Amino acid sequence: MPEKTVLDNGLRIVTETFPHAQSVTVAVLVASGSRHERDGEQGASHFLEHLVFQGSARRDNQFKIARAIEGVGGSLNGFTHHEATCYHAVTLAEDFELAMDVVADMVLYPCLHESTVEKERQIILQEIKSNRESAAAWVHELVQQQMFHDHPLGQLITGDEQNVAALTRENCADYQQANYRPNSLVLAVAGNVEHGKVVDLARRYFEPVEPVSPVEWGAPPNGQAGPEVLFEPRTAEQLHLCLGFRALPRRHPDGFVLGVMDIMLGSGVTSRLFQEIRENLGLAYDVGSYTQPYRDAGAFVLYASVEPKRAVQCLRAVLEGVDRLKEELVDEEELREAKQFAKGTLLLGLEGPGAYAMMLGERELLTEELFQVEEISAGVNRVTAEDIQ
């Protein structure tokens with residue numbers, strides 16, 4: 001069973017012990033994503049994520065940080081999304097204290113050298129350009145922007161070129177000081193380590209840091225008046241399209257229903273859209289769906305890559321597939337298989353300490369609830385054909 005402790009300065013510690021594992025994953029999740037950025041800060045969360053790996057108080061360059069973890073056979077990485085930034089290290093259980101030391105030092109005391117700010121700025125600008133040049137990737141950014149418009153959930157996680165060019169070292173330092181505080185952090189640890197040991201080390205590294213005013217999540221996005229279309233013309237052999245629906249936030253009572261529906265409609269090669277649009281009609285090489293839940297909002301997206309001259313036919317077939325879910329009750333055998341697929345992929349994905357630590361941390365950070373793996377099977381099992389319809 002997972003365990004939780006909250007320090008006096010607000011740091012939340014969640015752990016799960018895997019007594020037979022060889023490894024430990026240490027993850028620090030920060031309530032700092034693109035939705036928290038104010039005017040003039042767009043792109044700061046992602047920019048800071050890059051900079052944190054470039055040097056800390058006791059390891060003053062990127063090589064020293066990387067070598068500390070890779071020197072014991074471990075790995076170190078991070079990511080930023082709309083609602084959080086995460087830094088995580090994986091090591092053998094015997095090197096757990098080193099993993100804690102490195103991650104805490106990076107997150108709490110980054111160097112933020114001026115020279116690394118300029119170097120990472122150029123790298124991020126290349127990242128933005130690369131993402132924009134890939135139509136297959138960029139279409140997902142476009143549908144996000146179109147669904148959420150001026151709300152922070154609709155802005156690029158990286159910020160655009162103008163945002164990134166304008167950010168200074170001082171901007172990043174101020175952003176770090178305001179957001180990387182214990183009461184805005186979750187320390188999630190999973191693997192062959194006991195909860196008490198994690199708490200003891202967390203007190204050593206995090207307790208001296210004072211909390212500040214908690215991060216503001218801002219207002220949820222407004223509703224949408226009606227259907228909207230965004231088209232960006234390109235000279236290419238493939239047209240990439242997304243059909244986005246506003247959907248459910250995290251921990252919504254119907255979240256498992258949406259998850260099972262997603263599997264039926266577009267996840268995997270046995271899904272309805274894959275079988276109809278690729279296998280039967282031969283309209284698209286790539287077709288599918290995904291859900292994107294947020295703290296107080298959500299998205300459900302269908303996508304396909306198709307020859308431009310067949311795009312209308314493909315879109316019509318996608319919409320017909322959605323209509324059939326509304327008009328016809330799902331066959332019990334199809335529902336059973338979709339539920340088994342849902343449970344299998346979710347549970348197999350959590351078999352290792354790494355994925356489990358991420359799930360523990362995200363759940364605590366974004367919903368203030370302790371993750372229980374048993375709820376996955378129970379929630380999926382409750383879904384009925386009537387729920388889907």
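A nonpolar core is a set of buried Ala, Val, Leu, Ile, Met, Phe, Trp, Tyr and Cys residues joined through side-chain atoms within 4.5 Å. Keep that in mind for this tour of a predicted model.

**Stop 1: the largest core**

Select Tyr87, Phe96, Leu187 and Phe206. They belong to the largest nonpolar core, which has 48 residues, and they touch the most other members. Now select residues 96–108. This is helix α3, and it gives the most to this core: nine residues.

Next, show Phe206 alone, then add its partners. Which residues is Phe206 in contact with, leaving aside its neighbours within four places in sequence? The list is Asn9, Leu11, Val28, Ala104, Leu108, Pro182, Leu185 and Leu187. Look at Leu187 again: Leu187 is also one of the four core residues you selected at the start.

**Stop 2: a second core**

Clear the selection. Pick Leu258, Val260, Ile277 and Val380. These four are among the 33 residues of a second core, separate from the one above.

**Stop 3: Asp101**

Go back to helix α3 and select Asp101, which sits in that helix. Is Asp101 buried or exposed? Asp101 has a relative accessible area of 11%. Buried means under 20%, so Asp101 counts as buried.

Add Arg58, Arg59 and Tyr205. Asp101 touches these three, not counting residues up to four places away in sequence. Then draw a distance from Asp101 to Thr25, C-alpha to C-alpha. The two are 13 Å apart in space and 76 residues apart in sequence.

**Stop 4: two loop residues**

Stay by α3 and move on to Leu112. This residue lies in the loop between α3 and α4 (114–133). Check its backbone: phi is near 55°, a positive value in a residue other than glycine. Leu112 is buried, with a relative accessible area of 5%.

Now jump to Arg251. Find it in the loop between β7 (239–246) and α9 (255–266). Arg251 is not a glycine, yet it has a positive phi of about 65°. How does its surface compare with the cut-offs? Partly exposed covers the range between 20% and 50%. Arg251 has 40% relative accessibility, so it counts as partly exposed.

**Stop 5: Glu170**

Select residues 169–179. This is helix α7, and Glu170 is found in it. Glu170 counts as partly exposed, at 44% relative accessibility. Add Thr345 and draw the C-alpha to C-alpha distance. Glu170 and Thr345 are 44 Å apart in space and 175 residues apart in sequence.

**Stop 6: the whole chain**

Zoom out and switch to a cartoon view. How many helices and strands does the protein chain have? There are 15 helices and nine strands. The radius of gyration is 22 Å, close to the 21 Å that the globule rule gives for 389 residues, so the chain is as compact as a globular protein of that length. Rotate the C-alpha trace. Along its principal axes it spans about 60 × 45 × 40 Å.

Colour by burial next. Of the 389 residues, 50% count as buried. Then think about contacts. Among those with a separation of 6 or more, 79% come from residues 24 or more positions apart.

Turn on the surface. The accessible surface comes to about 18,300 Å², and 51% of it belongs to carbon and sulfur atoms. Last, colour by charge. The chain has 34 positive and 59 negative charges, and their mean positions are 1 Å apart.

Terms used. Residues are numbered from 1 along each chain as its sequence is written. This is a predicted model: local features need pLDDT of at least 70, side-chain atom pairs count only at pLDDT 80 or more; totals for chains, interfaces and linings use all residues. Side-chain values use heavy atoms; hydrogens and water are left out. Buried means under 20% relative accessible area, exposed over 50%, partly exposed in between (1.4 Å probe, protein chains only). Helices (H or I, at least four residues) and strands (E, at least two) are DSSP runs, numbered from the N terminus. Contact means heavy atoms within 4.5 Å. The radius of gyration is taken over C-alpha atoms; the globule rule is 2.2 Å times the number of residues to the power 0.38. Accessible areas come from the Shrake-Rupley method with a 1.4 Å probe; for residues, only the protein chains shown count as cover. Lys and Arg count as positive and Asp and Glu as negative; His and the chain ends are not counted. The place of a charge is taken as NZ of Lys, CZ of Arg, CG of Asp or CD of Glu.
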